[in-house]
Amino acid sequence: MRPAICRHRLLYSTVALVVVAFLSVIRMNSQSNDCECPVPQKSTKPELHQSADVEIEIARRFATLPLDLLSADDQTRLLQNLMPDSMKRWSCNQDHAESEKALRSHPAMHSNLDGQEYFNRFIRVVRIFGWKRLENKTFLELGYGIALMTALLRGMNTTVYATEIQPIPWVPSRHGPFFDVMYDLVEKASKEDLGPRFHLEKAAAYGRQCGRGLPDVKELTTTMERLDGVPVASVDVSYSLAVLEHISELEPSFMALARVHRPGSLSCHQVDLRDHSDFAQPWEFFLTSDKDFYAKTVGGSQGHPYFGNRFRMSQFMKAAASNGFETVHVVRQHEPANPEGLRYAKEALDTLDRLPADTHKYSKWPRSDFNECTSDKMPQTGLFICFRYAGGGPLTNTEEPTCGQDVWYRSDFSLKVAES
Ligand SMILES: C[S@@+](CC[C@H](N)C(=O)[O-])C[C@H]1O[C@@H](n2cnc3c(N)ncnc32)[C@H](O)[C@@H]1O
Ligand SMILES: *[C@@H]1O[C@H](CO)[C@@H](O)[C@H](O)[C@H]1NC(C)=O
Ligand SMILES: *[C@@H]1O[C@H](CO)[C@@H](O)[C@H](O)[C@H]1NC(C)=O
């Protein structure tokens, strides 16, 4: 067996080569951009900032290396050697030895942290709810995943509660450059979308302090079924992205949500209704027997419906209503009509029809939850849904979303609110 020191040397020389290649590509790109410019332009950014951009790019590219090429420790050590100042700033002088490992094993870690993507998600939240519903209010994000983008709502003086079943501690080499990019984008947006009332420094503090020590951002390790630590009747707005399709139980989840919401408050969710195993075959999980499905989800390696819980729109609405939430807005999402999609719908539903209902609960299920109510009869693959908390126990006779219409609002509800 080779001594460890030699293995490390080999590893480092390989990695050094990769790094040199990375750096030259980055430098080449920035040079070629310069050359393409017809009139040489002087950058408005100070020199220091440009090198920070390069360091962010290095960190970003590192994060895209195949996970097993470098151990978590080696990656951190190498970045520390390459860019000691940035890594110091990104780690807030704390030891983060375990956090990269936690990130790698997180169920939502299917892509890298992309500042632009999360910034877009943040702006989407601001657009959905609007300033008036957010400013000075209390916001709850359910299942925020690998990075808490809604911490930026601090810029609107919003108190943020955020839950995650498997939280990742701050990872300097990932969250550091990520929040730097987010900060740049928010700074730009504060001159446009967000406006001058947005408190930039307050929003930036979360990243600058490595996600710690802010009394108005409360990260809680809990499930939607429990919502431990969220005060009773405190929430003005709640939101989730790709979470409702992963919860294990409906009733307890909406019961917990009702406990923490204020009467009259709003709760919106983006839900992916597809079988996550193969998005081209979004209904395959209905063809599995209930017993096998249960074994694969609760009994599976993740211990919860990692590939989707199969719950349909009517089930979410029913659980919501029985806990005091009325459905006020619905978007039925689907692919644009195409022959393959329509054929898949027909074949899958024909197969489902033939399965015994006592072993396959979705066999005789209302077709309105599958494709009958989308505008073009394509399979409904996603759902954006908003509930208003009425505050007084179970609701009956709530207004039903119109079938055949993709975008529906309750007659007395609009997402748009007059800006103050
Ligand atoms: C597909 S990820 C989405 C993460 C994040 N919202 C995003 O968009 O990147 C699903 C998330 O749901 C969370 N989750 C799964 N079951 C949950 C439950 N019962 N209650 C709350 N969150 C849950 C997981 O921890 C995971 O982070
Ligand atoms: C938020 O609070 C500030 C300061 O008290 C106030 O000027 C502003 O109008 C409030 N915004 C809303 C939407 O209540
Ligand atoms: C922030 O919001 C709180 C209410 O949640 C309010 O009392 C306070 O005045 C607000 N501060 C600013 C600076 O808007």
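Is the crossing of α6 and α8 right-handed or left-handed? In this predicted model, the crossing of the two helices is right-handed.

## Helices α6 and α8

Helix α6 covers residues 115-129 and helix α8 covers residues 172-190. Their axes come within 9 Å and cross at roughly 45°. Angles between 35 and 65 degrees fall outside the parallel and perpendicular classes, and α6 and α8 are therefore oblique to each other.

On the α6 side, the contact is made by G115, Q116, Y118, F119 and I123. On the α8 side, the residues involved are F178, V181, M182, L185, V186 and A189. By class, the contact of α6 with α8 comprises 9 nonpolar and 2 polar residues, with no charged ones.

## Helices α10 and α13

A second helix pair is formed by α10 (residues 250-260) and α13 (residues 313-321), whose axes come within 8 Å. The crossing angle of α10 and α13 is roughly 45°, and these helices are therefore oblique to each other. The crossing in which α10 passes α13 is right-handed.

From α10, the residues that make the contact are L250, E251 and F254. From α13, Q315, F316, A319 and A320 take part. The contact of α10 with α13 divides into 5 nonpolar, 1 polar and 1 charged residues.

## Cavities

How many cavities of 30 Å³ or more does a search of the whole structure find? The search finds 2. The largest cavity has a volume of about 40 Å³. Its lining consists of 10 residues, and the closest to the cavity centre are F62, L65, P66, Q75 and R104. The lining of the largest cavity is made up of 7 nonpolar, 1 polar and 2 charged residues.

The second largest cavity holds about 30 Å³ of space. Its lining includes E245, D272, L273, R274 and F285. G308, N309, R310, F311 and R312 also line the second largest cavity. Sorted by class, this lining has 3 nonpolar, 2 polar and 5 charged residues.

## Positive phi in loops

Which loop contains C92? C92 lies in the loop between α4 (84-91) and α5 (99-104). The phi angle of C92 is positive, at about 50°, although C92 is not a glycine.

A233 is another residue other than glycine with a positive phi, in this case near 50°. The loop that holds A233 runs between strand β3 (217-221) and strand β4 (235-241).

## Summary of the picture

The α6 and α8 pair crosses in a right-handed sense, with no charged residues in the contact. The α10 and α13 pair is also right-handed, and its contact includes 1 charged residue. As for the cavities, the lining of the largest has 2 charged residues, while the lining of the second largest has 5. Positive phi values are found at C92 and at A233.

Technical notes:
Residues are numbered from 1 along each chain as its sequence is written. Chains are lettered from A and ligands numbered from 1 in the order in which they are written. This is a predicted model: local features need pLDDT of at least 70, side-chain atom pairs count only at pLDDT 80 or more; totals for chains, interfaces and linings use all residues. Side-chain values use heavy atoms; hydrogens and water are left out. Axes are lines fitted to C-alpha atoms, for helices over the stretch in contact, and angles run from 0 to 180 degrees between N-to-C directions. Helices (H or I, at least four residues) and strands (E, at least two) are DSSP runs, numbered from the N terminus. Angles under 35 degrees count as roughly parallel, over 145 as roughly antiparallel, 65 to 115 as roughly perpendicular and the rest as oblique. A crossing is left-handed if the near helix is turned anticlockwise from the far one by less than a right angle, and right-handed if clockwise. Contact means heavy atoms within 4.5 Å. Ala, Val, Leu, Ile, Met, Phe, Trp, Tyr, Cys and Pro count as nonpolar, Asp, Glu, Lys and Arg as charged, and the others, Gly among them, as polar. On a 1 Å grid over the protein atoms alone, a cavity is a set of points where a 1.4 Å probe fits but cannot get out, and a pocket is an open set with protein on both sides within 12 Å along at least five of seven lines; lining residues have an atom within 4 Å of a point. Grid points are joined across faces, edges and corners, and a volume is the space filled by probe spheres set on the points.
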